[in-house]
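Subject: A structure for you to look at

Hi,

Here is the structure I promised to pass on to you. Please open it next to this email, and I will walk you through what turned up.

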Amino acid sequence: PVRLQTASDLKCVPLFVGVISPKFTQSAVTVTGGLWRSVRVDTHSTSRTSHSSHSIDLMAAATAAPTPERVTPVKSQHDDQEYRCITLGNGMQCVLVSDPTADKAGVSVDVGVGKFQDPPEIPGLAHFCEHMLFLGTKKYPVENSYSSFLGAHGGRSNASTGYEHTNYYLDVLPEHLEEAVDRVSQFFKYPLFTPSATDREVNAVHNEHLKNKIKDARKIGQVIRSLANANHPIVRFGSGNKETIETIPKAKGVDVRAHLLRFYRTYYHPKAIKLVTNNAL
């Protein structure tokens, strides 16, 4: 594991060690002079009436100089991988990993928001937001096209919502990394959050809850939460199910989709996002 030292208490994204083959093409993301040539994306608030744009690099572009503050990774003398940690001008923190032995490309994007930020009236909203980002963007509107693309090119993806972080990660054959990055970047640029998908994805979250609640680890977690301070957010039901994100809010006149858009606009911004990416050079 890499230990990171910084005066500003940098918390790096959980390291998803996806990897990249040395036989990558020039069209893929490459490392030159210690900086990554990459895809530049923008995030914005998802609203029909107004947009607030934030410039964000999902990988540190060679033309985008980092701020003077840098983090020096401390690694084992037996670790042949090379690391670089930088903070971009927009506040986004990145960990760049070079692994000459890698045979796949990998990207992990972490957003500093999780179950603790759920509004009290909609337990599970952070997890629901994670699900919704996979269901179409302005550039790639077909639902599930992201996972279909990765599956067709030797890759896979997933995401998880924790108490304070939501992590999106993927791996893919190196020659398809550039498009994979472009596709995942749209999650933080123009997600659609269509009303029809919002209604249907409630069932996916509910089914996930039913599958997980019988697991021993989940039962242990519930026992621990039952012993916690009742005023702490850890006691809340963070996974969400059909009752918490549809039935109860609807009965109380709560507009779940409006809360979903507000949640995204509030928490998904460059300074809350961290990136780890891995390549072979």
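Before we start, a word on names: helices (H or I, at least four residues) and strands (E, at least two) are DSSP runs, numbered from the N terminus. Please also keep in mind that this is a predicted model.

**The chain as a whole**

The protein chain holds seven helices and 12 strands. Of its 281 residues, 48% are buried. Among contacts with a separation of 6 or more, 76% join residues 24 or more positions apart. The chain exposes about 13900 Å², and 52% of that comes from carbon and sulfur atoms.

**How far to trust it**

The average pLDDT is 77, with 74% of the residues scoring at least 70. Over residues 1-68 the pLDDT is below 50, although this stretch has 190 contacts in the model beyond near neighbours in sequence. Where pLDDT is low, the predicted coordinates should not be read in detail. Among the elements, strand E2 (residues 30-32) has the lowest mean pLDDT, 26, and H1 has the highest, 97.

**Helix H6 and its ends**

Now go to helix H6, residues 242-251, where the buried residues are Thr 244, Ile 245, Glu 246 and Pro 249. Looking down the axis of H6, you will find these buried residues within an arc of 165 degrees, so they line one face of the helix. They pack against helix H1 (125-132), helix H4 (195-212) and helix H7 (256-267).

Both ends of H6 are worth a look. At the N-terminal end, Asn 241 acts as a cap, with a side-chain oxygen 3.1 Å from the backbone nitrogen of Glu 243. Just after the helix comes Gly 253, which takes a positive phi of about 75 degrees.

**Helix H1**

How many of the residues of H1 are buried? Eight of its eight are, so to speak the helix is mostly covered. They run from Leu 125 to Met 132 and include His 127, Phe 128 and Glu 130. Their cover includes strand E10 (156-161), strand E11 (166-172), H4, H6 and H7.

**The nonpolar cores**

In soluble globular proteins, nonpolar side chains tend to be buried together. Here the largest nonpolar core has 45 residues, and those touching the most other members are Phe 128, Tyr 168, Leu 170, Phe 187, Phe 188, Phe 193 and Tyr 268. Another core, of five residues, lies apart from it, with Cys 85, Val 95, Val 97 and Val 276 among them.

**Three loop residues**

Most residues other than glycine have a negative phi. Which way does the phi of Phe 193 go, positive or negative? Phe 193 has a positive phi of about 50 degrees although it is not a glycine. You will find Phe 193 in the loop between helix H3 (177-185) and H4, and it is buried, with a relative accessible area of 0%.

Asn 144 is not a glycine either, and its phi is positive at about 70 degrees. Asn 144 sits in the loop between H1 and helix H2 (145-152). With a relative accessible area of 40%, Asn 144 is partly exposed.

Last comes Ala 102, in the loop between strand E8 (93-98) and strand E9 (105-111). Ala 102 is buried, with a relative accessible area of 4%. Its C-alpha atom is 9.7 Å from that of Pro 174, a residue 72 positions away along the chain.

Enjoy exploring!

Best wishes

Terms used. Residues are numbered from 1 along each chain as its sequence is written. This is a predicted model: local features need pLDDT of at least 70, side-chain atom pairs count only at pLDDT 80 or more; totals for chains, interfaces and linings use all residues. Side-chain values use heavy atoms; hydrogens and water are left out. Buried means under 20% relative accessible area, exposed over 50%, partly exposed in between (1.4 Å probe, protein chains only). The arc is that of the directions from the helix axis to the C-beta atoms. Contact means heavy atoms within 4.5 Å. A polar contact is a pair of N or O atoms within 3.5 Å; within protein, one must be able to donate a hydrogen and the other to accept it, and residues adjacent in sequence count only if both atoms are side-chain atoms. Accessible areas come from the Shrake-Rupley method with a 1.4 Å probe; for residues, only the protein chains shown count as cover. pLDDT is the predictor's confidence in each residue, from 0 to 100. A nonpolar core is a set of buried Ala, Val, Leu, Ile, Met, Phe, Trp, Tyr and Cys residues joined through side-chain atoms within 4.5 Å.
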